[in-house]
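Open the structure in your viewer and keep the sequence panel beside it. The stops below say what to select and what is there.

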Amino acid sequence: MYTVRPVTAEELLGAAERLGGLLADTVDGGASVGFLAPLDPGAAADWWRALAPEVGAGRLLLWVAYPEPDADPDADPGTGAGTGAGRRIAGTVQLRPASTANGRHRAEVAKLMVHRADRGHGLAGRLLAALEAAAVGRGIRTLVLDTETDSPAERLYAAAGWTRVGTVPDFATDPAGVPHATTVYYKALPATTDSPGR
């Protein structure tokens with residue numbers, strides 16, 4: 001069993017090393033998330049710390065997933081069960097709302113990651129669902145993302161109702177430096193009465 005929750009800038013700073021471990025595991029597993037292997041865990045933690053000002057300013061929204069105490073033998077029950085403090089982080093996802101005046105209804109989904117030890121439990125889908133619900137609550141009507149073509153993530157997005165737009169060849173390299181195409185997706189969310197532009 002896992003808990004999925006948003007993270008504040010302060011919580012992000014406290015979780016940077018654990019998030020760095022998740023990022024390093026994702027890169028070691030071959031996922032194309034913007035980094036080359038081998039990824040130093042300290043550098044990975046620093047990358048997360050650098051996001052704290054954006055999270056604090058609301059320019060970036062971030063969710064984490066962590067195991068419940070009885071499911072996580074590494075959890076420290078005395079470090080804040082309500083916030084997941086001290087718990088191993090099993091997954092994460094980011095939402096970056098557009099900054100332009102004519103794009104307030106739009107946001108980009110990024111860095112959906114699940115630790116290899118936690119895959120196969122529907123956690124990626126839960127993270128994505130939490131993000132989408134929050135986006136609707138903020139009046140966001142259009143989500144966009146890109147992911148490595150023919151990666152397992154494509155099956156997730158198709159099953160979650162995302163629409164494939166097309167592919168860009170040699171868009172980015174995998175962690176070993178080999179170029180791969182990326183596939184662009186979008187998802188139209190239900191409009192709310194307070195949606196921007198209405």
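Begin with the whole protein chain in cartoon view: its secondary structure comes to five helices and seven strands. Followed from the N terminus, the elements run β-α-α-α-β-β-β-α-β-α-β-β. This is a predicted model. The mean pLDDT of the protein chain is 91, and 89% of its residues reach 70 or more.

Now select residues 76-82. Over this stretch pLDDT stays under 50, and the model has eight contacts there beyond four places in sequence.

Return to the whole chain and switch on the surface. About 9,700 Å² of the protein chain is exposed, and carbon and sulfur atoms supply 54% of that area. The chain has 198 residues, of which 40% count as buried. Of the contacts between residues at least 6 apart in sequence, 67% join residues at least 24 apart.

**Stop one: the loop between H1 and H2**

Select Phe35. This residue sits in the loop between H1 and H2. Is Phe35 buried or exposed? Its relative accessibility is 15%, so Phe35 counts as buried. Leaving aside residues up to four places away in sequence, Phe35 touches Leu23, Val27, Trp47, Lys111 and Pro175. For a longer reach along the chain, add Ala176: this residue is 141 residues from Phe35 in sequence, yet the two C-alpha atoms are 9.3 Å apart in space.

Stay in the loop and select Ala37 and Pro38. The peptide bond that joins them is cis, with omega about -5 degrees. Pro38, like Phe35, lies in the loop between H1 and H2.

**Stop two: the aromatic rings**

Show the side chains of Phe35, Trp47 and Trp48, which form one aromatic cluster. Ring pairs are counted when their centres lie within 6.5 Å. By this rule the count comes to four aromatic pairs. How are the rings of Phe35 and Trp47 placed against each other? Their centres are 5.4 Å apart and their planes stand at 90 degrees, so the pair is edge-to-face, a class that takes angles over 60. The pair links distant parts of the chain, 12 residues apart: Phe35 comes from the loop between helix H1 (9-28) and helix H2 (41-49), while Trp47 belongs to helix H2. Trp47 has a relative accessible area of 25% and is partly exposed, whereas Phe35 is buried.

In helix H2, also select Gly42. With a relative accessible area of 35%, Gly42 is partly exposed. Measure from its C-alpha atom to that of Ala24: the separation is 9.6 Å, although the two residues are 18 residues apart along the chain.

**Stop three: strands S4, S5 and S7**

Select strand S4 (residues 106-114) and strand S5 (residues 142-148). The two pair in the parallel sense over three bridges. To find one place where they meet, label Ala107, whose bridge partner in S5 is Leu143. Then trace the connection: the chain leaves S4, passes through helix H4 (residues 123-137) and arrives at S5, making a right-handed β-α-β crossover.

Next add strand S7 (residues 179-188). In which sense do S5 and S7 pair, parallel or antiparallel? S5 and S7 pair in the antiparallel sense, over seven bridges. Glu148 can serve as a marker here, as this residue stands opposite Thr182 in S7.

Within S5, pick Thr147. Thr147 is buried, with a relative accessible area of 11%. Which residues does Thr147 touch, not counting those up to four places away in sequence? They are Ala153, Glu154, Tyr157, Ala181, Thr182, Thr183 and Tyr185.

**Stop four: two positive phi angles**

Go back to S4 and select Lys111. Phi of Lys111 is near 50 degrees, a positive value in a residue other than glycine. At 22% relative accessibility, Lys111 counts as partly exposed. Lys111 is also one of the residues that Phe35 touches.

Finish at Asp170, in strand S6 (residues 163-173). Asp170 is not a glycine either, and its phi is positive at about 50 degrees. How does Asp170 count, buried or exposed? At 58% relative accessibility, Asp170 counts as exposed.

Conventions: Residues numbered from 1 in each chain as written. Predicted model: local features only at pLDDT ≥ 70, side-chain atom pairs only at ≥ 80, totals over all residues. Heavy atoms only, no water. Phe/Tyr/Trp six-rings, centres within 6.5 Å; stacked < 30°, edge-to-face > 60°. Helix = DSSP H or I, 4+ residues; strand = E, 2+ residues; numbered from the N terminus. Buried < 20%, exposed > 50% of the residue type's maximum accessible area, 1.4 Å probe, protein only. pLDDT = per-residue confidence, 0-100. Contact = heavy atoms within 4.5 Å. Pairing = 2+ DSSP bridges. Right-handed = clockwise from strand over helix to strand, strands pointing away. Areas by Shrake-Rupley, 256 points an atom, 1.4 Å probe, with all protein chains shown as cover.
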